[in-house]
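Here are some comments for your reading of the coordinates. They begin with a helix and the surface around it, and end with the chain as a whole.

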Amino acid sequence: MNILIVTHFYEVDGVMGSVRWTSLAHRLAKKHNVFVVTHDHNGDKKYTIEKNKNIEIFYIDNECDYVKRGNKRRSASTGSVNSVVKADKKQSVLKAFKNFLRSSLYMLSMSLTAKKNAKFINSKLLENNIKIDYVISTSRPFINCFTAFFLTKKLKASWLLDQRDLPYSDGASNIEINSFKRAFHRFDKYVTKYTLVSRGMADSFLEFCKFKTKQRDKTYVLNNGYDLSHKSEIEKKKENKKLSIAYVGDLYEGKRDATILFDALKGIVNRLDYSISDIKIDYAGNSSESLNQNARNYGFEEMISDRGRVPHKEAIKMLQEADILLLLTWNTYMDRGILPGKLYEYMMVKKPIICITAGEIPNGEAEGMIKDMNLGVAVNYCDYSEGVNELANFLSKQIKRKKNGEPLIFEPVTEEVEKFDYDNLVNKLSKIMFGEN
């Protein structure tokens, strides 16, 4: 089979969105001929082709000027058409018209750029007499879907549309949201299968598009996973009595919230024979000020060790050297089924996990996975006081064992964890695409 994967990030270090399809592409290439279409992030390979590890890579430009401006506006957007003050009807109508115009130009710009990309790819395939059997598109950015759409129509190939999340940001206008909805309905005629990263996200996607039974029957969950080749060899260090908790990633402007952890630590320090010096929180990412402020509110600033943004390999090593791994996520009516990619790397390094879920919906998927696989402790903000007590109980036991030189409590359900190794997930992907076992 000849498989063509359209992904914005491919073999880009330090970008979580790169891991999924880089890992799957390498594994698919063991049985199939794989071609990757990706954005030229350095700006020096645009519309060129190179071969790497038996995979041909087509470099394209996903970011024409208007698409770049549109992406910035969407990420910075904070209001919607519905929030306009009704008293000023003219202003409301004008704003709605501007949103419509912007949205239309944004979609048109993506469409034209994607057509140019598809034309380049198709010409190179024809030159080499290559017939593509399956096109895979990944999100974000949404332009990948347009590129795959034009390729699928031209090549008459099957199309797997892989969606990580919904295509719009918080605060998007109804006009913009509806433009994405119309695009998905336009694509659907050519889509063979849909894959989503979680069950909650699959349900949200189907509801967003207002898709019915026909689309539900071709929608599958393909979780993210871990790649064992990313683990590092680490030197055996002298035993340290201090319990280290590691967190890697951004806080997404408060969507990921560690407050409940600090409340639990406050209870431990106040009630038990432990001090701040018994605990260290190792952080790597771009949100150190937010985490530091959280710690300062409790007088725990000396607990925080801030490494800033680090390369992916160093982040994995940091996780391997820690005692406990902190996973922060959220579960809301807007965003259901959020499963951070770090969860799977946490599984890979085989350390106890503290999972904290913010948001108004209890029993999120990340929580469920932690509990079902016995990976540590999972709490949510819907029952805050119970969560504080559960965390305090978990941490006090682990701190005691650490001070006594005993192994931490960790008895995961190994056979379930191994299902998320990309060596196994590629088999699931093949079954979804081709019905292979």
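1. The model is a predicted one, and a convenient place to start is L101, which lies in helix α3, the helix that spans residues 89–127. L101 counts as partly exposed, because its relative accessibility of 41% falls in the class between buried and exposed.

2. L101 does not stand by itself on the surface, since it belongs to a nonpolar patch whose other members are L94, F97, F100, L105, L108 and L112. Taken together, the residues of this patch have about 670 Å² of accessible area.

3. A second patch deserves a separate look, and this one is positive, being formed on the surface by K115, K153, R186 and K189. Of these residues, K189 is placed in the loop that runs between α5 (174–188) and β7 (193–196). Is K189 buried or exposed? The residue is exposed, because its relative accessible area of 67% is over the 50% that the class requires.

4. Turning to the whole chain, the secondary structure amounts to 15 helices and 14 strands, and 54% of the 437 residues count as buried.

5. The overall dimensions can be checked in two ways. Along the principal axes, the C-alpha atoms fill a box of roughly 70 × 65 × 45 Å. The radius of gyration of the chain is 23 Å, which agrees with the value near 22 Å that a compact globule of 437 residues would have.

Conventions. Residues numbered from 1 in each chain as written. Predicted model: local features only at pLDDT ≥ 70, side-chain atom pairs only at ≥ 80, totals over all residues. Heavy atoms only, no water. Patch = residues over 30% accessible without salt bridge, like charges linked within 9 Å, V, L, I, M, F, W, Y side chains within 5 Å. Areas by Shrake-Rupley, 256 points an atom, 1.4 Å probe, with all protein chains shown as cover. Salt bridge = Lys/Arg side-chain N within 4 Å of Asp/Glu carboxyl O. Lys, Arg positive; Asp, Glu negative; His and termini not counted. Charge placed at Lys NZ, Arg CZ, Asp CG, Glu CD. Helix = DSSP H or I, 4+ residues; strand = E, 2+ residues; numbered from the N terminus. Buried < 20%, exposed > 50% of the residue type's maximum accessible area, 1.4 Å probe, protein only. Rg over C-alpha atoms; globule rule 2.2 N^0.38 Å.
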